[in-house]
Amino acid sequence: MTDPLTTDAVAVLTGMYTAEAEYLAAGGPGEAPFDLLASFFAPDVVLHQADALPYGGTWRGHAGMERFFLAMSRTWEAFDMEEQEFLVTGETTVVLTRVRARARASGREVDFPILQTIMVKDGRIAEVRPFYWDTAAIASACAVPTERGQDQQ
């Protein structure tokens with residue numbers, strides 16, 4: 001017998017990831033309506049990003065999520081979520097995702113895992129906490145390259 005909470009949580013998340021891809025394909029922040037994603041998030045959703053990242057900090061509510069997606073699109077030229085695994089326990093879902101991304105500022109490509117804990121309540125995403133393997137490497141890839149003089153090697 002399938003646990004309906006498990007099925008619902010995974011359905012909410014896979015639906016959100018599909019909607020996110022459609023949102024980005026339609027032009028993303030400033031081009032596509034955030035309504036494509038809003039229905040997957042609770043009105044008081046909270047997203048906690050690592051402070052060391054260019055889009056770090058706490059993002060709250062639908063307006064915060066919309067600003068977060070704008071910050072992400074300014075940071076990444078491409079951000080492809082490849083392999084994903086889901087583990088659901090009660091209201092908490094853990095998602096392991098392999099990401100392949102290209103930074104807008106540097107053009108550098110990176111491949112890294114993200115482990116997220118996501119709370120799904122009443123069929124909507126209420127809280128997201130992503131954990132990155134190496135935030136320094138990601139921040140470095142996103143940094144604007146600086147020119148170095150010949151004596152600064």
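Leaving aside neighbours within four places in sequence, which residues is threonine 97 in contact with? With contact taken as heavy atoms within 4.5 Å, the partners of threonine 97 are Met81, Glu82, Glu83, Gln84, Phe112, Pro113 and Ile114. The structure is a predicted model, in which local features need pLDDT of at least 70 and side-chain atom pairs count only at pLDDT 80 or more, while totals for chains, interfaces and linings use all residues. Residues are numbered from 1 along each chain as its sequence is written, and side-chain values use heavy atoms, with hydrogens and water left out.

The protein comprises four helices and six strands, assigned as DSSP runs (helices H or I, at least four residues; strands E, at least two) and numbered from the N terminus. From that terminus on, the order of the elements is α-α-β-β-α-β-β-β-β-α. Of the 153 residues, 39% count as buried, where buried denotes under 20% relative accessible area, exposed over 50%, and partly exposed the range in between (1.4 Å probe, protein chains only). About 8800 Å² is exposed by the protein, 51% of it supplied by carbon and sulfur atoms; accessible areas come from the Shrake-Rupley method with a 1.4 Å probe, and for residues only the protein chains shown count as cover. Among contacts with a separation of 6 or more, 47% are accounted for by residues 24 or more positions apart.

Threonine 97 is located in strand β4 and is buried, at a relative accessible area of 2%. Its side chain makes a polar contact with the side chain of glutamine 84 at 3.1 Å. A polar contact is here a pair of N or O atoms within 3.5 Å; within protein, one atom must be able to donate a hydrogen and the other to accept it, and residues adjacent in sequence count only if both atoms are side-chain atoms.

Alanine 103 also belongs to strand β4 and is buried, with a relative accessible area of 0%. Not counting residues up to four places away in sequence, alanine 103 touches Thr75, Trp76, Glu77, Arg108, Ala141 and Cys142. The C-alpha atoms of alanine 103 and alanine 143 are 8.3 Å apart, with the two positions 40 residues apart in sequence numbering. In strand β3, threonine 89 is exposed, its relative accessible area being 55%. A C-alpha separation of 9.7 Å is found between threonine 89 and alanine 9, which are 80 residues apart along the chain.

Charged pairs were examined next. Side chains of opposite charge can pair when their charged atoms come close. A search of the whole structure yields six salt bridges, each defined as a side-chain nitrogen of Lys or Arg within 4 Å of a carboxyl oxygen of Asp or Glu. In one of them, glutamate 82 is paired with arginine 100, the closest N and O atoms lying 3.2 Å apart. This pair links distant parts of the chain, glutamate 82 being in strand β3 (residues 76-89) and arginine 100 in strand β4 (residues 92-103), 18 residues apart. Glutamate 82 is partly exposed at 35% relative accessible area, and arginine 100 is partly exposed at 39%.

Arginine 98 forms a salt bridge with aspartate 111, for which the closest N and O atoms are 2.7 Å apart. Because arginine 98 lies in strand β4 and aspartate 111 in strand β5 (residues 109-121), the pair ties together parts that are 13 residues apart in sequence. Both residues are partly exposed, arginine 98 at 30% and aspartate 111 at 37%. Aspartate 111 is also bridged to arginine 100, with closest N and O atoms 3.1 Å apart; since arginine 100 lies in strand β4 and aspartate 111 in strand β5, this pair ties together parts 11 residues apart in sequence. Through shared partners, the salt bridges join Glu82, Arg98, Arg100 and Asp111 into one network.

Helix α3 (residues 61-75) has 15 residues, which at 1.5 Å a residue should span 21 Å, in agreement with the 21 Å between its end C-alpha atoms; the expected span is 1.5 Å times one less than the number of residues. The buried residues of α3 are Gly61, Gly64, Met65, Phe68, Phe69, Ala71, Met72, Ser73 and Thr75.
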